[in-house]
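Trainee: I'd like to learn how to read a structure like this one. Could you walk me through it, feature by feature?

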Amino acid sequence: MLEAVLLVGGQGTRLRPLTVTTPKPMLPVAGVPCTEHQIARAREAGVTRVILGTSYKPEVFSEYFGDGSRFGVELVYATEDVPLGTGGAIRHVAPYLESDPDAPILIFNGDVLSGHDIAGQVQRWRDDSADVSLYLTRVDDPRAYGLVPTDADGRVLSFLEKPTTAEEIVTDQINAGCYVFRRSLIDVIPRGRPVSVEREIFPGLLAAGAVVTGFVDDGYWLDLGTPLDFVKGSRDLVTGRAPSPALPGRTGDFLVRPGAEVADDAILTGGTFVGAGATVGSGAVVDGSSLFDGAMIAAGAHVRDSVIGSGAIVGAGAYLDGVVVGDRAVVGPGNELIRGARVWPGVALGETAVRFSSDR
Ligand code: GTP
């Protein structure tokens, strides 16, 4: 038996207003919740039992996944009454684990799309007799991430959260949000208070002389933290650049779910996703965007690099670029919204040709 823990209890503030109604890991990425992509990949790597560490809107997960049998795993829910942070959430699932004290436990951040070799990471953890292994990926600009330099044998040297100066950028390896923990180590995380695994547990383990190793893998990796990342993840799944057993064999430039209606002369491109029951009107252009179920793009509208929530309406001739439209919101005809504009769920912008942009 191999057990995995998915940390899915965050508020997802950077993805508001999409996360006002749906927790980030349950937002449909190319029509499938990130959590489902992760469960499918974990299962492929031999995981049979998954514990979901929930806190924010836990019922959304249980209503969708049930006991996990539809997804080929046994699923258990560990819900925090108050959010305990990434480390506190890992400690909170300890009583739900059934593995032996020396067994490996896989732990995933619930908002990461990756193609890394999960089974290979577990095997390396065994080969190294490690206490904890961290999946590391390399990025061009590591400033927004936690840096994790390693020595020639793969032993982690330090943890440097969000470096600011050139001297602090000692490596391009970052914490990619998937760990293998020796089960017994989970029991020693402080209980009943918020704990950060990145800021407190990992540095503490290093200081205590634990064997902490890095598993560098240059396969596909994306953190779905911001709206731009979210549309990128959706695009990459649609075009097959991001691998997911939940969407096998993807190629092509767009994906239209059954029950959607797209006018013959509309243009879908750039990895666009069109959800069930969504409509795209005559002459509309949808480029690199994600239309959730029941969204409506009226004739002649132009939507680029944007997320349009469930049942939201984009009026005729409107122009949207880099925008998030919440569920059931209405963007009236002729409006122009660009660069980070966000329309809250249910809000209606009239037929006023407003031009709104933000630098966020
Ligand atoms: P932002 O508010 O936009 O930063 O998003 P977030 O709340 O998801 O935080 P972050 O991206 O840092 O979280 C990383 C992962 O840990 C996500 O999958 C979260 O769902 C999860 N997570 C964060 N905090 C908690 C918590 O207190 N409890 C649990 N169970 N999971 C958490």
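Trainee: How many nonpolar, polar and charged residues does the shell around the ligand have?

Mentor: Start with the classes: Ala, Val, Leu, Ile, Met, Phe, Trp, Tyr, Cys and Pro count as nonpolar, Asp, Glu, Lys and Arg as charged, and the others, Gly among them, as polar. Here the shell has five nonpolar, 10 polar and four charged residues. One thing to keep in mind is that this is a predicted model, where local features need pLDDT of at least 70, side-chain atom pairs count only at pLDDT 80 or more, and totals for chains, interfaces and linings use all residues. Also, residues are numbered from 1 along each chain as its sequence is written, and side-chain values use heavy atoms, with hydrogens and water left out.

Trainee: Which residues come nearest to the ligand?

Mentor: A residue is near a molecule if one of its heavy atoms lies within 4 Å of it. There are 19 residues around the ligand, and Leu-7, Thr-13, Glu-80, Gly-85 and Gly-110 come nearest. Helix α4 (residues 85-92) gives the most to the shell, with three residues. Helices (H or I, at least four residues) and strands (E, at least two) are DSSP runs, numbered from the N terminus.

Trainee: And which polar contacts should I look for?

Mentor: A polar contact is a pair of N or O atoms within 3.5 Å; within protein, one must be able to donate a hydrogen and the other to accept it, and residues adjacent in sequence count only if both atoms are side-chain atoms. In this case, an N or O atom in the side chain of Thr-13 is 2.6 Å from a ligand oxygen. Gly-85 uses a polar backbone atom, 2.7 Å from an oxygen atom of the ligand. For Asp-111, a polar side-chain atom lies 3.1 Å from a ligand oxygen. On its own the ligand has 620 Å² of accessible area, and the protein covers 82% of that (Shrake-Rupley method, 1.4 Å probe; for residues, only the protein chains shown count as cover).

Trainee: How do I read the sheets?

Mentor: Two strands pair if DSSP finds at least two bridges between them. One open sheet has six strands in the order β15-β18-β21-β24-β27-β30, with parallel pairing. Its edge strands, β15 (261-262) and β30 (348-349), each pair on one side only. Strand β27 (residues 330-331) is joined to β30 by two bridges, and Val-331 has Leu-349 as its bridge partner there.

Trainee: Why is one side of β14 and of β29 left without a neighbour in the sheet?

Mentor: They belong to an open, parallel sheet of six strands, ordered β14-β17-β20-β23-β26-β29. β14 (254-256) and β29 (342-343) are at its edges with a single partner strand each, so one side of each has no neighbour in the sheet. Further in, β23 (residues 307-308) and β26 (residues 324-325) pair in parallel over two bridges, with Val-307 opposite Val-324.

Trainee: What about backbone angles?

Mentor: Look at omega and phi. The peptide bond joining Arg-16 and Pro-17 is cis, with omega about 10°, and Pro-17 is in the loop between β1 (3-7) and α1 (18-21). Asp-305 isn't a glycine, yet has a positive phi of about 45°. Arg-328, also not a glycine, has a positive phi of about 60° and is found in the loop between β26 and β27.
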